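Dear colleague,

I am passing on to you the structure that we spoke about, with a short account of what was found in it. Please look through it first, and then read the notes below alongside it.

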Amino acid sequence: MEFREILEEFLIEKGLTQTAFAEKIGVKQSQVSEWLKGKAKPGYDILKRMALAFNVSADYFLGIKEFSI
């Protein structure tokens, strides 16, 4: 899955608007909109804030799934 799909799914699951999500991580709503359109992606610092703000692993937003071999 691409980042924009992961973020869209996350917002739906949490019942968050773009504005509420943006406020929680300290960015503008327009930035979240750009991510959802696939025109941009968050940098390391913002990704870290996202993970900390919502108590999830950064791997979640990166689409990294653990698997065993």
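A residue close to the start of the numbering makes a convenient entry: Glu2 has a relative accessibility of 47% and therefore counts as partly exposed. Please keep in mind throughout that this is a predicted model.

Glu2 is one partner in a salt bridge, the other being Arg4, and the closest N and O atoms of the two are 3.5 Å apart. The structure holds one salt bridge. Arg4, with a relative accessibility of 30%, lies between the limits of 20% and 50%, and so it too counts as partly exposed.

Arg4 also has a part in the packing of two helices, since it belongs to the contact between helix 1 and helix 3. The axes of helix 1, which spans residues 3-14, and helix 3, which spans residues 29-37, come within 7 Å and cross at roughly 120°, and the two helices are therefore oblique to each other. On the side of helix 1 the contact is made by Phe3, Arg4, Leu7, Glu8 and Leu11, while helix 3 contributes Val32, Trp35, Leu36 and Lys37. Sorted by class, these residues comprise six nonpolar and three charged ones, with no polar residue.

Phe3 leads on to one further residue, Lys41, for although the two are 38 residues apart along the chain, their C-alpha atoms are separated by 7.4 Å. Lys41 is placed in the loop between helix 3 and helix 4, the latter covering residues 44-54, and because its relative accessibility is 65%, Lys41 counts as exposed.

With best regards

Methods. Residues are numbered from 1 along each chain as its sequence is written. This is a predicted model: local features need pLDDT of at least 70, side-chain atom pairs count only at pLDDT 80 or more; totals for chains, interfaces and linings use all residues. Side-chain values use heavy atoms; hydrogens and water are left out. Axes are lines fitted to C-alpha atoms, for helices over the stretch in contact, and angles run from 0 to 180 degrees between N-to-C directions. Helices (H or I, at least four residues) and strands (E, at least two) are DSSP runs, numbered from the N terminus. Angles under 35 degrees count as roughly parallel, over 145 as roughly antiparallel, 65 to 115 as roughly perpendicular and the rest as oblique. Contact means heavy atoms within 4.5 Å. Ala, Val, Leu, Ile, Met, Phe, Trp, Tyr, Cys and Pro count as nonpolar, Asp, Glu, Lys and Arg as charged, and the others, Gly among them, as polar. Buried means under 20% relative accessible area, exposed over 50%, partly exposed in between (1.4 Å probe, protein chains only). A salt bridge is a side-chain nitrogen of Lys or Arg within 4 Å of a carboxyl oxygen of Asp or Glu.
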